[in-house]
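Thanks for coming. I have one structure to go through today, so please look at the screen and stop me if something is unclear.

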Amino acid sequence: MCQPVVATFKKSTVHIYRDCIRLARYIGDINGHAKNMSKQVRIVFRTNQFEIDPKKIEEQKTDAVRFLTNFMQHEAERMARSQKKAASESTQTSRTRSTLD
């Protein structure tokens, strides 16, 4: 019978590098260390630029992608919490206003 097609998405090293640099700038803008964080990403990639073992390369790419996805998940949770907090604050202020009128 027909077997399901499993889509595999492999990002190139350059694509992962660019994503990491963008993320480092974003995080750095939040905490004020954009240059240092971008520098650290560059250092990690440059120290491994001459790696020829395919297994190690895939492991390092996997680690970089895991870093990106973990941060995206963390950021999504933070945004959800702040939206929930803002919604509860607006509800409280609307209740307070109606009782004061």
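Serine 38 sits in helix α2. Is serine 38 buried or exposed? Its relative accessible area is 5%, and the cut-off for buried is under 20%, so serine 38 is buried. Keep in mind that this is a predicted model, so each value I quote is computed from predicted atoms. Setting aside residues up to four places away in sequence, serine 38 touches Ile21, Ala24 and Arg25.

Take Ala24 from that list and turn the view around. With residues up to four places away again not counted, alanine 24 touches Ala34, Met37, Ser38 and Val41.

That brings us to the two helices as a pair. Helix α1 covers residues 13-31 and helix α2 covers residues 34-47. Their axes are 7 Å apart, and they pack at an angle of about 155 degrees. Angles over 145 degrees count as roughly antiparallel, which is why α1 and α2 are described that way. The crossing of the two is right-handed.

Which residues of α1 and α2 meet? On the α1 side the list is Thr13, Ile16, Tyr17, Cys20, Ile21, Ala24, Arg25, Ile27, Gly28, Asp29 and Asn31. On the α2 side, these meet Ala34, Met37, Ser38, Val41, Arg42 and Phe45. Sorted by class, the contact of α1 with α2 has 10 nonpolar, four polar and three charged residues.

Now the third helix. Helix α3 takes in residues 54-100, and phenylalanine 71 is found in it. Phenylalanine 71 has a relative accessibility of 16%, and therefore counts as buried. What is phenylalanine 71 in contact with, once its neighbours within four places in sequence are left aside? The partners are Leu23, Tyr26 and Ile27. For isoleucine 27, there is also a distance to quote: its C-alpha atom and that of phenylalanine 71 are separated by 9.4 Å, with the two residues 44 apart along the chain.

Phenylalanine 71 also belongs to the largest nonpolar core. This core has 10 residues in all: Ile16, Cys20, Ile21, Leu23, Ala24, Ile27, Val41, Ala64, Leu68 and Phe71. Both α1 and α3 supply at least two residues each. Which helix gives the most to this core? That is α1, with six residues. Alanine 24, which touches Ser38, is one of the core residues.

One charged residue before I finish. Aspartate 19 has its place in helix α1. With a relative accessible area of 15%, aspartate 19 is buried. Not counting residues up to four places away in sequence, aspartate 19 touches Lys11 and Leu68. Leu68 is a member of the nonpolar core I just listed.

Last, the chain as a whole. There are three helices and zero strands, and from the N terminus on the elements run α-α-α. Of the 101 residues, 15% count as buried; serine 38, phenylalanine 71 and aspartate 19 are among the buried ones. Looking at contacts with a separation of 6 or more, 58% are accounted for by residues 24 or more positions apart. The pair of phenylalanine 71 and Ile27 is one contact between residues 44 apart. That is what I have; questions are welcome.

Terms used
Residues numbered from 1 in each chain as written. Predicted model: local features only at pLDDT ≥ 70, side-chain atom pairs only at ≥ 80, totals over all residues. Heavy atoms only, no water. Helix = DSSP H or I, 4+ residues; strand = E, 2+ residues; numbered from the N terminus. Buried < 20%, exposed > 50% of the residue type's maximum accessible area, 1.4 Å probe, protein only. Contact = heavy atoms within 4.5 Å. Axes fitted to C-alpha atoms, helices over the stretch in contact; angles between N-to-C directions. Parallel < 35°, antiparallel > 145°, perpendicular 65-115°, else oblique. Left-handed = near helix turned anticlockwise from the far one by under 90°. Nonpolar A, V, L, I, M, F, W, Y, C, P; charged D, E, K, R; others polar. Core = buried A, V, L, I, M, F, W, Y, C linked by side-chain atoms within 4.5 Å.
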